[in-house]
Amino acid sequence: MTAEIVREGLFFGEGPRWRSPYLWYSDFYDHAVHRIDESGHDERMVEVAAQPSGLGWLPDGRMLVVAMRDRAVLRQERNGSLVTHADLSGHEPFMNNDMVVDTDGRAYVGGFGFDLDAVSDGRGQGAGGERARPTVLSLVQPDGTASVAAEDMGFPNGAVITTDGATLIVGESMGGRLTAFDRRPDGTLVNRRTWADLSAAGAVPDGICLDAAGAVWLADPLSPRCVRVEEGGRVLEEAVFGQTCYACALGGADGRTLYALTAPSSHARDAAAEPRGRIEALRVSVPGAGSP
């Protein structure tokens, strides 16, 4: 099946979230959060100068958005203004990234831990140079109180919460795995374990989403595909798109549209220079579930 191009002209899309009747997403280098409906009508909803990424909503409907370069979670008030919901600068040393928010308004926020572009450019060589290093996954309570939820994470990226709220699954991009935790009532995490080793799939997890069968779709930032895996790592399906995939979400009126945010490159130098990113879509058989 050939993917449909839903929208062109993005710089670099991230954090797609279906909130009926819209797909919401961040565009890093447009410095804005957008929403688009199933007819393809796109709206630029709010500007985030410090580069937006992960999205979610509090129970009262106010939006949360990660401000990557400020290492903060912002909250959009009812008058449209943005205020600081949580300051994560004491936890994350470089930039924050993706986020998942539960039904009570608790947010889990991942981060880089290091300058990824510098490492990919070879600027990590030699004494004092940048290098890949683990970082933390942060927990933000509904009132904005922040704490460290998990340490020693290998680039914690896309995350989902199961429908029963009991389990958090996080993609560790630098670990090549999906990692699961049991969730306590206060949102703290226990029983860390590998949910899926992705080495056999030859995939790296970037953005992820959960379906009603309990499988995870992951965007593979090394290829133009999303991969559907079950617990244990067995590949169930692959969906191929026109460009490299960096994030994905299940949505549409019946939850069976797999949206992929794609681009030729994730490097800031390339992605910020020209709007060549896209939203692409394919129909799948199992609808989305859980959060997001």
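**Exercise 1. Work out what share of the contacts with a separation of 6 or more comes from residues 24 or more positions apart, then describe the overall build of the chain.**

Start with the contacts. In this predicted model, residues 24 or more positions apart supply 45% of the contacts with a separation of 6 or more.

Next, check the dimensions. A compact globule of 292 residues would have a radius of gyration near 19 Å, and the chain comes in at 17 Å, so the two agree. Along the principal axes, the C-alpha atoms fill a box of roughly 45 × 45 × 40 Å.

Then look at burial and surface. Of the 292 residues, 56% are buried. The chain exposes about 11600 Å², with carbon and sulfur atoms supplying 46% of that.

Finish with the secondary structure: the chain has 2 helices and 24 strands.

**Exercise 2. Place Asp220 in the fold and find what its side chain holds on to.**

First, locate the residue. Asp220 sits in strand 19, which covers residues 216-220.

Second, is Asp220 buried or exposed? The cut-off for buried is under 20% relative accessible area; Asp220 has 1%, so it counts as buried.

Third, list the neighbours, skipping residues up to four places away in sequence: Asp220 touches Gly202, Ala203, Val204, Arg225, Thr244 and Cys245. Take Ala203 from that list: it is 17 residues from Asp220 in sequence, yet their C-alpha atoms are 5.8 Å apart in space.

Fourth, go through the polar contacts. The Asp220 side chain has one with the side chain of Ser223 at 3.0 Å, and another with the side chain of Arg225 at 3.1 Å.

**Exercise 3. Describe how strand 12 and strand 13 are joined, and what happens in the turn.**

Begin with the pairing. Strand 12 (residues 135-140) and strand 13 (residues 146-153) run antiparallel and share 5 bridges. For a concrete pair, take Thr135, whose bridge partner in strand 13 is Met153.

Now the connection. The two strands make a hairpin with 5 residues between them. Within the turn, Gly144 has a positive phi of about 95 degrees.

**Exercise 4. Compare some salt bridges by where their partners lie and how accessible they are.**

Get the total first: the structure holds 24 salt bridges. Side chains of opposite charge can pair when their charged atoms come close.

Step one is Asp30 with Arg44, whose side chains meet at 3.0 Å, N to O. This pair ties together distant parts of the chain, 14 residues apart: Asp30 is in the loop between strand 3 (22-27) and strand 4 (32-37), and Arg44 is in strand 5 (residues 42-47). Arg44 is partly exposed, at 43% relative accessibility.

Step two is Arg192 with Glu172, where the closest N and O atoms are 3.8 Å apart. Here too distant parts of the chain are linked, with Arg192 in strand 17 (residues 189-197) and Glu172 in strand 15 (residues 167-172), 20 residues apart. Glu172 has a relative accessible area of 0%, so it is buried, while Arg192 is partly exposed at 38%.

Step three is Arg234 with Glu230, with closest N and O atoms 2.7 Å apart. Arg234 counts as exposed because its relative accessibility is 51% and the cut-off is over 50%. Glu230, at 27%, is partly exposed.

Last, which residues are linked in a network of salt bridges? Asp60, Arg62, Arg75, Glu77 and Arg78 are.

Note on methods. Residues are numbered from 1 along each chain as its sequence is written. This is a predicted model: local features need pLDDT of at least 70, side-chain atom pairs count only at pLDDT 80 or more; totals for chains, interfaces and linings use all residues. Side-chain values use heavy atoms; hydrogens and water are left out. Helices (H or I, at least four residues) and strands (E, at least two) are DSSP runs, numbered from the N terminus. Buried means under 20% relative accessible area, exposed over 50%, partly exposed in between (1.4 Å probe, protein chains only). Contact means heavy atoms within 4.5 Å. A polar contact is a pair of N or O atoms within 3.5 Å; within protein, one must be able to donate a hydrogen and the other to accept it, and residues adjacent in sequence count only if both atoms are side-chain atoms. Two strands pair if DSSP finds at least two bridges between them. The radius of gyration is taken over C-alpha atoms; the globule rule is 2.2 Å times the number of residues to the power 0.38. Accessible areas come from the Shrake-Rupley method with a 1.4 Å probe; for residues, only the protein chains shown count as cover. A salt bridge is a side-chain nitrogen of Lys or Arg within 4 Å of a carboxyl oxygen of Asp or Glu.
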